[in-house]
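Got the model open in your viewer? Keep the selection box handy, and let's walk through it stop by stop.

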Amino acid sequence: MKNILLFVFIVFSAFSGMAQQKWTLQECIQRALEENIQIRQAELDKESAAIDKSDAIGNFLPSLNANASVSKNTGLNFDPTSNLATTTQFLSASGGINTSYTLFDGLRNFKQVQRAKLTALSAQYGLEKLQDDIALVVANGYLQVILNKENLKVFKSQNEVTQQQLQQTQDLVDGGVSPRGDLLEVQAQNATEIQSIVAAENAVQISLISLAQTLLIRDYKSFDIAEGDYAIYGEEMLLLAPEKIIEAAKEERNEVRIAQTNLEIAEKDVQIAKGAQLPTISAFFGYSTRYSEQDIFNSFQEQLYINDGISYGLQLNVPILNGFQARNNVRRSKITADRAAINLEQTKLDLESNVYQAYLDAQGALKSYEAAQKAAESQELAYSYGKDRYDVGLINAFDFSQSKLRYDNAQIDLNRAKYDYIFKIKVLELYFGVPADQLKF
C-alpha cells in the first residue's frame, strides 16, 4: 500500500511539474516542428520520394520469376510430356524460372534515377520551407502573447495609481477640500481601468489558447510561456543593402530551391520522354520442366531431368509508329519544362519583392518604435507633472485623468511598436538565411 501511495505521489508530482512548465520560444518552435500535422505530412512525402528513388535504382536489377503448377486432367487433354492427345485421367505438373535484363532503353533508367534524386531533394526543400513557415507562425503567436501580457502589466500598474488616487480623493472630499465631482471622476476612471484589465486578461488567455492550438497542446489552462526581457536588437540587418539580403535569400530560401529543382525535374522528364523514341534491347533466360502420370517408364525425378528445357537470347524493340504518343510526350514535357522555367523566374521576382517589402516594413517598424518611445517619454513627463499639480490641487481630477489616459495609451502604443518591430526583423533574418529553429528574442 505504501508503494502504491508513493507511486501516485511521484506521478502527481510529475504532472504538477509539467503543468507548471513555462515554454520558451525555442521549445515552442521545436514542439511545432515535431507535432504539426502539415510537417508530419511533408515528412511522409519525403519518405515517399525515398521509395520512388529505390524504385528507380531497382530498375537496374534483372527481373527473376519462378512458376509452378499442378493439375488433374480428365477428358480430352494433351499430355505435357509427349504433347499427344489423350482421354485418360492423369496428373501433371510443370515448373520453371525466367529472368530478363534490360541492356539499353534509351538511358531512361539512368534518367529515372537522377529524376528520383531530384524529387527527393525537392521534398526535402518543401519540408524545410514548411518548417520555416510554421516557425514564423509560432514566433508571431508567441510575440502576441508577450504583447498582451505587457499591456496587462501597464493596465494593472496604472490602476494601482488610480486606487491610491481614489483613496486620496475620498479623503479630500470627506475633509471638504475637493468637490464630490472629483471623486466621481476618479471612480469612473477606476471602473474603466478595471474593464480594460479584464479585457487584457481575456486577450492574454485567448492568445495563449491560440498558441497552444498551434502547438497541438490540449491542456490550455496550464499552458504558459516563459517571462523574459525582450530587448530590441537586430538593427544591423537594416545596415545591409537590400540587394545583399536579396542575394542571400536567393541562395538560402527554399522556395527558390524548390522552383529550381522542379525545373531540373522537368528537364529530366524531357530526356526520359526522348528516350522512349529509341530502341530497347533486353536479354532473357528461361528454364522449364514438366511431369506427367502418363509416362509410366520414368520416375518423377527422371521426368524432371528428361523434360527440362532452356531458352535464352536477346530481344530488340524498335518503336516505329505508336500514334504519335512518344513524340507528343516529348512536346508535353518541353511545355512543362518551359512552365517550370517561368515559375522559377517568377519565384525569384516574388522573393525580391518580398525582401524589399520586408526590409521597408522593418525600417518603418523601427522608426515607429523610436517615435513611440519618444512619445511615451514625453507623456510620462507630462503625467508626472500633472500628478504633482493634482496632488497640490492645481488641476482637477478630470484633467489629471486625461493626462493619465494619454500616458497609458502611449505605453500601449510603445509595446505594440516594439513587438511589431521585433517580428518584422525576424522575418528579415529568415530571408537572410537565419534558420527558423534558431529564432530568438
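**Stop 1: a pair along helix H4**

Select Lys129 and Asp133: they sit 4 residues apart in helix H4 (residues 108-174), which puts about one helical turn between them. Helices here are DSSP runs of H or I with at least four residues, strands are runs of E with at least two, and both are numbered from the N terminus. An α-helix has 3.6 residues a turn, so residues three or four places apart point the same way. Show the side chains and you'll find a salt bridge between Lys129 and Asp133, with the closest N and O atoms 3.0 Å apart. (A salt bridge is a side-chain nitrogen of Lys or Arg within 4 Å of a carboxyl oxygen of Asp or Glu.) Lys129 is partly exposed at 25% relative accessibility, and Asp133 is partly exposed too, at 30%. Here buried means under 20% relative accessible area, exposed means over 50%, and partly exposed is in between, using a 1.4 Å probe and protein chains only.

Before moving on, some housekeeping: this is a predicted model, where local features need pLDDT of at least 70 and side-chain atom pairs count only at pLDDT 80 or more, while totals for chains, interfaces and linings use all residues. Residues are numbered from 1 along each chain as its sequence is written, and side-chain values use heavy atoms, with hydrogens and water left out.

**Stop 2: more salt bridges**

Stay on H4 and select Glu150 and Lys153, which lie 3 residues apart, about one turn of the helix. Their side chains meet in a salt bridge at 3.6 Å, N to O. Lys153 has a relative accessible area of 44%, so it's partly exposed.

Now jump to helix H10 (residues 397-432) and pick Lys426 and Glu429, again 3 residues apart. This salt bridge comes in at 2.9 Å, N to O. Are its partners buried or exposed? Lys426 is buried, with 2% relative accessible area, and Glu429 is buried at 8%.

For a network, select Lys22, Lys149 and Asp224, which are linked by salt bridges. Searching the whole structure turns up 15 salt bridges.

**Stop 3: the core**

Hide the charged side chains and select Val138, Leu211, Phe223 and Leu428. These have the most contacts inside the largest nonpolar core, which has 59 residues. (A nonpolar core is a set of buried Ala, Val, Leu, Ile, Met, Phe, Trp, Tyr and Cys residues joined through side-chain atoms within 4.5 Å.) Colour by element and you'll see two or more core residues coming from each of helix H2 (25-35), helix H3 (37-58), H4, H5, helix H6 (242-252), helix H7 (254-275), H9 and H10. H4 gives the largest share, 12 residues. Apart from this core lies another one of 11 residues, including Leu166, Val173, Ile395 and Phe400.

Zoom in on Val138. Which residues does Val138 contact, leaving aside neighbours within four places in sequence? They are Leu25, Cys28, Ile29, Ala32, Leu211, Thr214 and Leu215, where contact means heavy atoms within 4.5 Å.

**Stop 4: two helices end to end**

Select helix H5 (residues 180-214). Its 35 residues reach 51 Å from first C-alpha to last, close to the 51 Å expected at 1.5 Å a residue; the expected span is 1.5 Å times one less than the number of residues. Partway along, Thr192 in H5 is partly exposed at 45%, and its C-alpha is 9.7 Å from that of Asn159, 33 residues away along the chain.

Just past H5, click Leu216, in the loop between H5 and strand S6 (224-225). Leu216 has a positive phi near 60°, in a residue other than glycine. Most residues other than glycine have a negative phi, and most peptide bonds are trans.

Do the same with H10: its 36 residues should span 52 Å at 1.5 Å a residue, and its end C-alpha atoms are indeed 52 Å apart. Right after H10, Gly433 has a positive phi of about 115°.

**Stop 5: a nonpolar surface patch**

Finish with a surface view and select Tyr101, Leu103, Phe104, Leu107, Phe110, Leu278, Ile281, Leu314, Leu316, Val318, Ile320 and Leu321. Together they form a nonpolar patch with about 1,200 Å² of accessible area. Patches are made of residues with over 30% relative accessible area and no salt bridge, joining like charges within 9 Å and nonpolar side chains (Val, Leu, Ile, Met, Phe, Trp, Tyr) within 5 Å. Accessible areas come from the Shrake-Rupley method with a 1.4 Å probe; for residues, only the protein chains shown count as cover.

Strand S5 (90-104) and strand S8 (309-317) each supply at least two of the patch residues. Last click: Leu107, in the loop between S5 and H4, has a positive phi of about 60° although it is not a glycine.
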